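Dear colleague,

I am handing over the structure below, and after it I set out what was found in it. Please read the text with the model open beside you.

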Amino acid sequence: MQENIVILGTGFIAGYLNRGLHYLFSELRQPMVGNVCAIGKHPEKLASRTNILKDCVLCTDPIDSVLFKFHPTILIVAVPPTVAVDIAKTILLPYYNTLRAASQPLPDLYSFTPTPDENWYANLLGNDVSIVKILPNIFTDVHGIDITSVGINTISPTPAFKHSNRRVLLDILLTPYGKTVSLSASQALIFLAGKITSHVCCEACFCIHEAAQKAGLSVTLNDIGKAFQYAQRSFTKFFDDPVPSLRRNDLLPSALLEFMQHFSDTWFGGLHDFTTSMPVCVSDEEALSLDVYSYALNTIAIAVKTKEELKQDTKNAATKGGILERGVEYFYEVIESELGNQAFSAACDHPISSGYWETLRSQVCSLSREAYERSLHLTSH
């Protein structure tokens with residue numbers, strides 16, 4: 001059967017899917033040209049960012065007219081969470097009802113937005129629709145370095161999707177992005193909080209770098225990032241290390257290098273404290289592994305990218321009022337000031353305040369909780 005795919009949205013996720021779509025159609029030995037359509041307000045932005053233009057129909061036509069014209073077998077929701085609910089209620093519901101009334105096949109629905117979850121879609125569209133929510137690994141390479149060995153995609157399928165023989169198509173689509181783990185919606189949000197907290201390490205390293213410069217040290221942000229990678233060297237027992245050359249212990253003064261070791265251990269400790277405080281259904285070993293993967297994946301870029309590139313990564317990944325936005329806000333509200341003070345002390349070879357690492361660990365745990373609670377707020381609306 002020829003697969004026809006419609007993507008709702010022409011933003012970051014649509015461009016990101018280019019690699020997986022090419023891999024999927026290659027594995028299926030089917031032409032991609034003419035069988036993938038992306039709908040959005042600004043398709044020219046997608047065309048300028050990726051090479052998907054030559055293989056994908058890009059249009060601004062009304063969604064319902066495109067759906068009836070294109071007859072998708074897979075429907076991908078890649079719009080901001082703030083508009084996903086309205087599109088589902090006003091466009092997708094009538095569309096699926098029309099197909100069902102005519103006894104036509106119902107397209108699988110892949111949602112790449114953190115909210116609403118798969119159960120919400122099933123309650124709206126019907127339990128006979130194969131639906132899955134996907135929280136993808138959005139970092140597959142850093143400056144040409146393949147980092148998919150630490151990539152994790154989490155999926156939350158409905159019963160209809162779990163038992164569908166078409167699930168293999170999603171497995172193929174996600175293969176270029178790393179390992180795929182199936183979790184319930186509530187479980188996925190717990191580990192998503194860990195991803196967010198790991199990503200916020202970028203902001204923390206900006207803060208540490210600024211403190212080092214203030215102390216008169218001639219170190220770069222990438223030097224901080226490489227020392228940070230060295231501090232995580234014990235984690236490589238969990239995966240094939242994609243960046244051994246980036247783990248450096250010779251770029252910072254000894255006091256600041258020791259600071260980075262304590263910082264790394266403390267940040268991960270706070271992140272994992274949150275995970276273990278929650279009712280997770282996976283084993284302790286699997287929970288630790290998932291947190292390690294998130295931490296490793298989301299911090300590698302600090303060793304090679306510029307501050308401007310890292311800020312753009314955050315901008316790409318964050319949505320207005322979303323989970324990452326709240327994580328970054330909490331960092332600047334609660335953590336930044338004292339972290340900068342302590343990093344300055346270390347850069348000056350002065351002792352760190354007694355009890356600081358315990359305080360930071362508690363604050364990082366709270367950052368994860370803030371991210372999780374924001375995700376709960378978004379899923380309830």
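Arg 29 sits in the loop that joins α1 to β2 (36–39), and in this predicted model its phi is positive, at about 55°, although Arg 29 is not a glycine. Most residues other than glycine have a negative phi, and for that reason the position may deserve a look. The relative accessibility of Arg 29 is 75%, so this residue counts as exposed, the cut-off being over 50%. A positive phi also occurs at Asp 349, a residue other than glycine, where the value is near 65°. Asp 349 belongs to the loop between α14 and α15, and because its relative accessibility is 60%, Asp 349 counts as exposed too.

Turning to the open spaces, the largest pocket has a volume of about 1400 Å³. Its lining is made up of 45 residues, and those closest to the centre of the pocket are Phe 12, Ile 13, Asn 316, Ala 317 and Thr 319. Sorted by type, the lining residues comprise 24 nonpolar, 15 polar and 6 charged. The helices that each supply at least two residues to this lining are α1 (12–28), α2 (43–49), α4 (81–101), α8, α12 (284–299), α13 (307–317) and α14 (323–347).

Asn 316, one of the residues closest to the centre of that pocket, lies in helix α13, and with a relative accessible area of 32% Asn 316 is partly exposed. Glu 336 follows 20 residues away along the chain, and the C-alpha atoms of Asn 316 and Glu 336 are separated by 22 Å.

Helix α8, which also contributes to the pocket lining, covers residues 185–199, and its 15 residues should span 21 Å at 1.5 Å a residue; the C-alpha atoms at its ends are indeed 21 Å apart, which agrees. Of these 15 residues 14 are buried, so α8 is largely enclosed by the rest of the structure. A contact that involves this part of the chain is made by Ser 294, which lies in helix α12 and touches Gly 194, Lys 195 and Ser 198, leaving aside residues up to four places away in sequence. Ser 294 has a relative accessible area of 6%, and it is therefore buried.

As for the interior, nonpolar side chains in soluble globular proteins tend to be buried together. The largest nonpolar core here holds 76 residues, among which Phe 259, Phe 263, Trp 267 and Leu 339 touch the most other members. Two or more residues of this core come from each of α8, α9 (201–214), α10 (221–231), α11 (254–277), α12, α14 and α15 (356–379). A second core, separate from this one, has 28 residues, including Ile 74, Tyr 110, Phe 161 and Tyr 177. Not counting residues up to four places away in sequence, Phe 259 touches Ile 208, Leu 339, Gln 342, Ala 343, Ala 346, Ile 352 and Trp 357.

Finally, Asn 4 is placed in the segment that comes before β1 (5–8). With a relative accessibility of 16%, Asn 4 counts as buried, since the limit is under 20%. Beyond residues up to four places away in sequence, Asn 4 touches Asn 35, Phe 70, His 71, Pro 72, Thr 73 and Ile 74, and Ile 74 is one of the residues of the second core.

With kind regards

How values were computed. Residues are numbered from 1 along each chain as its sequence is written. This is a predicted model: local features need pLDDT of at least 70, side-chain atom pairs count only at pLDDT 80 or more; totals for chains, interfaces and linings use all residues. Side-chain values use heavy atoms; hydrogens and water are left out. Helices (H or I, at least four residues) and strands (E, at least two) are DSSP runs, numbered from the N terminus. The expected span of a helix is 1.5 Å times one less than its number of residues. Buried means under 20% relative accessible area, exposed over 50%, partly exposed in between (1.4 Å probe, protein chains only). On a 1 Å grid over the protein atoms alone, a cavity is a set of points where a 1.4 Å probe fits but cannot get out, and a pocket is an open set with protein on both sides within 12 Å along at least five of seven lines; lining residues have an atom within 4 Å of a point. Grid points are joined across faces, edges and corners, and a volume is the space filled by probe spheres set on the points. Ala, Val, Leu, Ile, Met, Phe, Trp, Tyr, Cys and Pro count as nonpolar, Asp, Glu, Lys and Arg as charged, and the others, Gly among them, as polar. A nonpolar core is a set of buried Ala, Val, Leu, Ile, Met, Phe, Trp, Tyr and Cys residues joined through side-chain atoms within 4.5 Å. Contact means heavy atoms within 4.5 Å.
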